[in-house]
Amino acid sequence: YIATGARVPHPSQLHREGWERSLFPSHKTVLAVSVPSNCYTPKSKQEPPMPELQTIGIVGAGTMGNGIAHVCARSGFNVLLCDLEQSFLDRGLATIDKNLAREVSKEKLTAQQSAEARSRIISTTDREALSACNFVIEAATEKIEIKSALFKDLDRILPAEAILASNTSSISITKLAAQTTRPAQVIGMHFFNPVPVMPATNHPT
């Protein structure tokens with residue numbers, strides 16, 4: 001969905017029987033999407049409307065976070081990249097600049113497309129700024145205690161209709177969703193490393 005610029009569906013539309021599904025858009029970035037096993041929404045229950053996706057919040061500017069920011073911006077979305085320290089953001093942005101330049105040199109992007117993608121990325125150390133986003137992808141350290149605390153805080157900050165996604169590859173999405181007041185709006189969205197260059201592959205979680 002991110003790679004193609006499509007409208008993000010409500011999580012209950014992705015998950016009906018407690019089993020994870022992988023979504024493979026027509027793009028070279030691979031991601032697997034999973035949803036908590038307790039998020040089933042009966043058809044009789046009206047699902048909250050999802051506003052148009054314009055700005056994607058990304059928490060964590062490390063290897064995975066900056067790669068996700070790269071592909072989101074390259075796909076036309078505004079990105080708010082958030083981390084604890086400016087030095088982390090600077091390092092992540094430098095990696096994005098290097099990878100965009102490599103794509104230009106390999107003629108995968110034009111110089112103008114690269115500049116436009118880079119202009120869509122804004123960085124911040126102020127987590128409260130994520131309140132402007134209705135879709136946030138967490139790419140923090142792979143530790144349950146850190147992610148749990150982060151999801152509690154994001155649940156407080158984000159608007160009611162927002163979807164929270166985690167890039168985790170090993171932590172239960174159901175456990176992370178339980179840290180929030182919106183478990184049906186928490187999904188797993190696992191990208192593969194290196195995010196900007198991974199070829200499409202069938203890899204269910």
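## A tour from Pro194 to the Lys98 patch

Start by selecting Pro194, which lies in the segment after strand 8. Keep in mind that this is a predicted model. Now add Asn193. The peptide bond between Asn193 and Pro194 is cis, with omega about 0 degrees. Most peptide bonds are trans.

Step back along the chain and select strand 8, residues 186–191. Six of its six residues are buried, so strand 8 is largely enclosed by the rest of the structure. Colour the two faces separately. One side carries Val186, Gly188 and His190. The other carries Ile187, Met189 and Phe191. Both faces are covered, and all of these residues are buried.

Next, bring in strand 7, residues 163–166. Strand 7 runs parallel to strand 8, and three bridges pair them. To find one contact point, select Ala165 and Ile187: these two are bridge partners.

Now move to helix 3, residues 86–105, and pick Lys98 within it. Lys98 has a relative accessible area of 48%, so it counts as partly exposed, short of the cut-off of over 50% for exposed. Extend the selection to Arg102, Lys106 and Lys108. Together with Lys98, they form a surface patch of positive charge.

Last stop: Glu107, in the loop between helix 3 and helix 4 (111–119). Is Glu107 buried or exposed? Its relative accessibility is 72%, so Glu107 counts as exposed. Check its backbone too. Phi of Glu107 is near 60 degrees, a positive value in a residue other than glycine. Most residues other than glycine have a negative phi.

Conventions: Residues numbered from 1 in each chain as written. Predicted model: local features only at pLDDT ≥ 70, side-chain atom pairs only at ≥ 80, totals over all residues. Heavy atoms only, no water. Buried < 20%, exposed > 50% of the residue type's maximum accessible area, 1.4 Å probe, protein only. Helix = DSSP H or I, 4+ residues; strand = E, 2+ residues; numbered from the N terminus. Pairing = 2+ DSSP bridges. Patch = residues over 30% accessible without salt bridge, like charges linked within 9 Å, V, L, I, M, F, W, Y side chains within 5 Å. Areas by Shrake-Rupley, 256 points an atom, 1.4 Å probe, with all protein chains shown as cover. Salt bridge = Lys/Arg side-chain N within 4 Å of Asp/Glu carboxyl O. Lys, Arg positive; Asp, Glu negative; His and termini not counted. Charge placed at Lys NZ, Arg CZ, Asp CG, Glu CD.
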